[in-house]
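User: Could you take a close look at chain A for me? I'd like one connected walk through how it's put together and what it touches.

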Amino acid sequence: MGTVDLTYLGLGAGLLLMLLPFYFLWRYRTGLLGAAVLGTVRMTIQLLLIGIYLRFLFKWDCAWVNLLWMTVMALIASHTAVSRTSLKRSVLFMPVFVGFLVTVLLVAVYFLGVVMGLDEVFAARFFIPIVGVLFGNMLTVNIMAVNVYYGELSREQQMYYYLLGNGATRFEATLPFLRSAVIKSFSPCIANMAVLGIVSFPGTMIGQILGGTIPEVAIKYQLMISVITVVSAMLSLVITIALSSRRTFDAYGRLLPVFREENVAKKV
Amino acid sequence: MSEILRIERATLQLGERTLLHDFDLTLNVGEWVCISGESGCGKTSLLRAIMGFLPFQAGTVRIQGTELSAQTVEQLRKKVAYVPQELFLPAESVEEMFRIPFGLKANKGKNITSDKRQKVWQVLGLNEDLMQLKTTQLSGGQRQRILLSMAVLLEKPLLLLDEPTSALDAESVGRVADLLKEVATDARAILTVTHNHHLMDVCDKLITI
């Protein structure tokens, strides 16, 4: 089987499909039409530019350049994660950045080196796509988990202080909130895993099959991709919460002001 | 008399407002002290500061002789049972509600037999059938008395209670007073923030701030 390339005319025809959701966003007066059009334009331009960049990245195939690229991705992902929560940048940015970077390195090196058995784990062709897949999933899970954890902790301080006041360690007192954050952010992952291949055909597998890979190989890769995305989401979440906790509680376990001023003003 | 709680020359501020200045309080074994005062005068803040949830700007707090500091706070909180105002624990059933404080590492060794619980519940007028109920089926008064019973059964040297009778009728307030009198004699000390006149009348000492 060979790769069937898409022509630019074909791509344009595909993008025309977006007119359908645009129409309903306008028809139902959702106020989301502008954002949706802008999002589509941004996505198209970004992907085309990344395509050009990746071509050079693959051509150079230098481990240091690839690691630098991974760090840039971690910075952008951390910035995106922080801007989608109500928490102060000073509280969350470094924990998310470190969480993302450490996780991606560990999981990608394990997958490429141990599972795939590659000698060159930082080879652009393998390293860059795997890093990209991991970042995408970690971002979604982290944003949801951090919002739930700090949102509930802030709303239900009475409960947190009740536990501390009855002898709980800080870990025990934050455990109900951590539990809730993990349940809410991981439930979609678990549900997706459970129906994989029956209800949903994931992008990685479809992409490989359309790209000419035989289904058996594509399925094996999909299985591993599903595993490493769940592992990396959990690991990055644990690191982010553990590191951000150092900045959100003082030595007495008091919850410090973690939300940005404008959000506090909105809440009042 | 052995001392459970000593607050010396404490100053407590919330923002620009000074709630307490040069405040002293000593609580001995077997003593039950009530704190009263107008709303917003700092009663709840005082309880929270004793547990280190709010900082005293000056002065010291000692629980059983150990001074409250960042190093000792966790150890001191193990000596306290605390009931805040209006708390909804995330538990489906009353049984699960009990497991929350008793499941903590600091309270794992507490031997809470159903005999002990029944005895406390009897004084508080709580029916044994409540144990089988879901927490959503409880009234505000029942929930408040159950939380109080949990604090008592933790058998800590110091009980800090914030408005423990705010949702109770006169008869239940009397029962709570009976229980607290009995508990105080059992080598423990109780500090209660309250607006309730009956509790103020029957406690050992009333401090108005």
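Analyst: Let's settle one term before anything else: two residues are in contact when they have heavy atoms within 4.5 Å of each other. With that in hand, take the contacts in chain A between residues at least 6 apart in sequence: 71% of them join residues at least 24 apart. Keep in mind throughout that this is a predicted model.

Now the overall build. Chain A has 11 helices and zero strands, so if we write the pattern out along the sequence, it reads α-α-α-α-α-α-α-α-α-α-α by the DSSP runs used here. The C-alpha trace spans about 65 × 55 × 35 Å along its principal axes. Of the chain's 268 residues, 37% count as buried.

The chain is divided into two domains, with domain 1 covering 1-60 and domain 2 covering 62-267. Their centres, taken over C-alpha atoms, are separated by 26 Å. What does the seam between domain 1 of chain A and domain 2 of chain A look like, in terms of residues in contact? On the domain 1 side there are 10 residues, and they meet 13 residues of domain 2. Together the two domains of chain A bury about 850 Å² between them, with 73% of that on carbon and sulfur atoms. The class count for the domain 1 side that touches domain 2 comes to eight nonpolar residues, two polar and no charged. As for specific polar links, one residue pair is in polar contact across this interface, counting pairs with both residues at pLDDT 80 or more, and the salt bridge count is zero.

A residue worth a stop at the end of domain 1 is A:Lys59. It's found in helix H3 of chain A, residues 33-60. Is A:Lys59 buried or exposed? Exposed: its relative accessible area is 68%, and the cut-off for that label is over 50%. A:Lys59 also gives a nice case of sequence separation against distance in space, being 65 residues away from A:Ala124 along the chain while the two C-alpha atoms are 8.5 Å apart.

On to domain 2 and a couple of buried side chains. A:Thr103 is in helix H5 of chain A, residues 89-115, and its relative accessible area is 0%, so it counts as buried. What does the side chain of A:Thr103 reach? One target is the backbone oxygen of A:Gly99, at 2.5 Å. Another is the backbone nitrogen of A:Ser236, at 3.3 Å. Setting aside neighbours within four places in sequence, A:Thr103 is in contact with A:Ala108, A:Met138, A:Ser232, A:Leu235, A:Ser236 and A:Ile239. A:Ser236 therefore turns up in this contact list, where heavy atoms within 4.5 Å are enough, as well as in the polar link to the A:Thr103 side chain.

The other one is A:Ser180, which lies in helix H8 of chain A, residues 170-195. A:Ser180 has a relative accessible area of 13%, so it's buried too, the limit being under 20%. With neighbours within four places left out, A:Ser180 is in contact with A:Val148 and A:Glu152.

Helix H7 of chain A, residues 157-165, is a different sort of stop. Why can H7 be called largely enclosed by the rest of the structure? Because seven of its nine residues are buried. Those are A:Met159, A:Tyr160, A:Tyr161, A:Tyr162, A:Leu163, A:Leu164 and A:Gly165. After H7 comes A:Gly167, with a positive phi near 100°.

Finally, the partner chain. Chain A puts 16 residues in contact with 33 residues of chain B, and the area buried between the two chains is about 2,000 Å², of which carbon and sulfur atoms give 60%. On the chain B side, B:Phe53, B:Arg77 and B:Leu104 supply 27% of the area that chain B buries against chain A, more than any other three residues. The elements of chain B that give two or more residues to that side are helix H2 (73-77), strand S6 (80-83), helix H3 (94-102) and helix H5 (140-153). By class, the side of chain B that touches chain A has 21 nonpolar, five polar and seven charged residues. Even so, the salt bridge count between the chains is zero, while eight residue pairs are in polar contact, both residues at pLDDT 80 or more.

Terms used. Residues numbered from 1 in each chain as written. Chains lettered and ligands numbered in written order. Predicted model: local features only at pLDDT ≥ 70, side-chain atom pairs only at ≥ 80, totals over all residues. Heavy atoms only, no water. Buried area = accessible area lost by both parts, 1.4 Å probe. Salt bridge = Lys/Arg side-chain N within 4 Å of Asp/Glu carboxyl O. Polar contact = N/O pair within 3.5 Å; in protein donor to acceptor, adjacent residues only side chain to side chain. Helix = DSSP H or I, 4+ residues; strand = E, 2+ residues; numbered from the N terminus. Nonpolar A, V, L, I, M, F, W, Y, C, P; charged D, E, K, R; others polar. Domains from an automatic or database assignment. Buried < 20%, exposed > 50% of the residue type's maximum accessible area, 1.4 Å probe, protein only.
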